[in-house]
Amino acid sequence: MTEYNAERIVQARHLEGMTQRELSERSHISQSKLSKLQNGFIVFKENEARAIAAALGFPIAYFTREDPILPMTAVTYRKTSKSSMGELAAVSIEYSELCATVSRLAKFLGISAGKTAWIRKMAPRKPDLSISEIDRIANQARTCMGLDPIGPIGNLTRSLERQGIVVAPMKSTGGSDDEKARLTSEGITYPQCEGMPCIGYSAGKRIGGDRQRFTKAHELGHLILHRFRRPDTSQQMEREAHLFAGALLLPAEDMLRSIQRNATLSDFLKIKSGWGASIAASISRARTLDIISVERYRSLQIQLSSRGWRKQEPVNVGEEHPLLLKQMIQAVFGVGSSIGGEQAIKSFDAASKLAIPFRYLDCWSDGLVEEGVEFGFIEDRINSVASDRVRHGAERERIPVG
Ligand SMILES: [Zn+2]
């Protein structure tokens with residue numbers, strides 16, 4: 001007999017932002033019964049599992065899963081003053097589901113995490129790290145990723161993916177351009193991950209490509225710097241990840257060549273268009289490297305504010321789109337035919353075997369194409385996917401998995 005895991009009810013509710021009352025109304029199971037189920041006072045049976053799965057739009061397989069959810073304290077998600085406990089729980093549960101999905105896919109494909117051994121190898125163990133030590137580690141990371149020690153990183157996402165790091169837009173941190181979805185944080189990772197490491201980030205047009213790149217670099221910083229050590233405070237942890245991101249994207253040598261002591265905003269504009277890092281990030285990097293003085297730094301900050309560039313910087317840096325997770329899903333659940341040049345997915349199969357709703361797979365892979373779509377099925381989602389397909393049409397590169 002199949003056993004159903006009642007703890008998953010609460011997790012699914014968090015993911016969907018659904019209250020117990022709403023779930024009760026939709027599933028026609030009384031609130032008192034739901035709470036007895038959740039607390040393990042009564043056995044969670046197939047009938048209820050079916051009703052709850054249907055009410056939440058989840059595959060029933062989700063409720064048979066026993067794999068643990070990562071504790072909120074294990075992930076590097078940064079709480080902002082705006083984020084509520086519910087949102088925090090949703091982000092960390094979603095991230096945990098992403099990792100579980102990736103490890104299931106890796107198992108299907110026979111991939112080990114061997115590719116990321118360099119992270120463990122270079123991860124520091126000593127408690128205190130100086131700025132120059134972080135710079136050195138970032139430089140080493142560039143080498144491990146097959147990048148030149150200096151110069152702009154063309155596509156950071158692809159560089160990470162080639163090294164077996166999954167990069168995925170998150171749903172609960174505002175993964176869509178949906179105005180209602182509130183942005184709570186920009187990135188999340190789990191440095192102690194034993195399988196393929198995953199970096200979750202907030203995508204969408206509201207966050208420019210430069211900020212997304214910085215977030216991904218910041219999360220790589222967590223993966224390396226906080227694998228074996230955890231600074232005393234979360235502020236220190238954040239600071240280190242920030243320093244790492246600056247060092248990775250803007251090598252000291254590049255900065256020294258391009259920025260003088262009396263640099264103006266227009267010099268930083270050039271850095272932005274050349275290196276794909278925000279003006280604000282390059283100003284802090286110049287200060288960290290002591291290329292500009294404290295006074296210059298302050299004056300530039302004031303100018304940023306007065307021009308309204310703190311809210312919206314000039315120079316648009318294009319969004320980078322991930323490919324690795326999509327290719328892993330295609331390799332396991334793809335059908336022979338392609339639609340608009342992209343391999344279609346057996347969505348029902350994928351959702352039930354990975355035990356997660358297809359809409360999550362769709363978001364994390366930055367847009368999947370479902371089988372059957374060419375016959376006009378599944379109308380709701382196809383419009384957005386179709387436009388995505390046009391956008392990513394040019395990206396045909398395959399990343400060697402494994
Ligand atoms: Zn962080």
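**View 1. Ala-355, just after helix α16, in the predicted model.** Ala-355 has a positive phi of about 55°. The helix that precedes this residue, α16, spans residues 347-354.

**View 2. The buried residues of helix α16.** Four residues of this helix are buried: Ser-347, Ala-350, Ala-351 and Leu-354. Viewed down the axis of α16, the buried residues lie within an arc of 95°, so they line one face of the helix. An α-helix has 3.6 residues a turn, so residues three or four places apart point the same way.

**View 3. Elements that cover the buried residues of α16.** The cover includes three helices, α5 (85-109), α15 (324-333) and α17 (358-364). Strands β5 (342-345) and β6 (369-370) are also part of the cover.

**View 4. The whole protein.** The chain of 402 residues contains 18 helices and 6 strands. Buried residues account for 42% of the protein. Of the contacts between residues at least 6 apart in sequence, 71% join residues at least 24 apart.

**View 5. Confidence and two stretches with pLDDT below 50.** The mean pLDDT of the protein is 87, and 88% of the residues reach 70 or more. Residues 174-184 have pLDDT below 50, and this stretch makes 24 contacts in the model beyond near neighbours in sequence. Residues 378-396 also have pLDDT below 50; for this stretch the model has 16 contacts beyond near neighbours in sequence. Where pLDDT is low, the predicted coordinates should not be read in detail.

How values were computed: Residues numbered from 1 in each chain as written. Predicted model: local features only at pLDDT ≥ 70, side-chain atom pairs only at ≥ 80, totals over all residues. Buried ≥ 20, exposed ≤ 12 C-beta atoms within 10 Å, placed from the backbone. Helix = DSSP H or I, 4+ residues; strand = E, 2+ residues; numbered from the N terminus. Arc of directions from axis to C-beta. Contact = placed C-beta atoms within 7 Å. pLDDT = per-residue confidence, 0-100.
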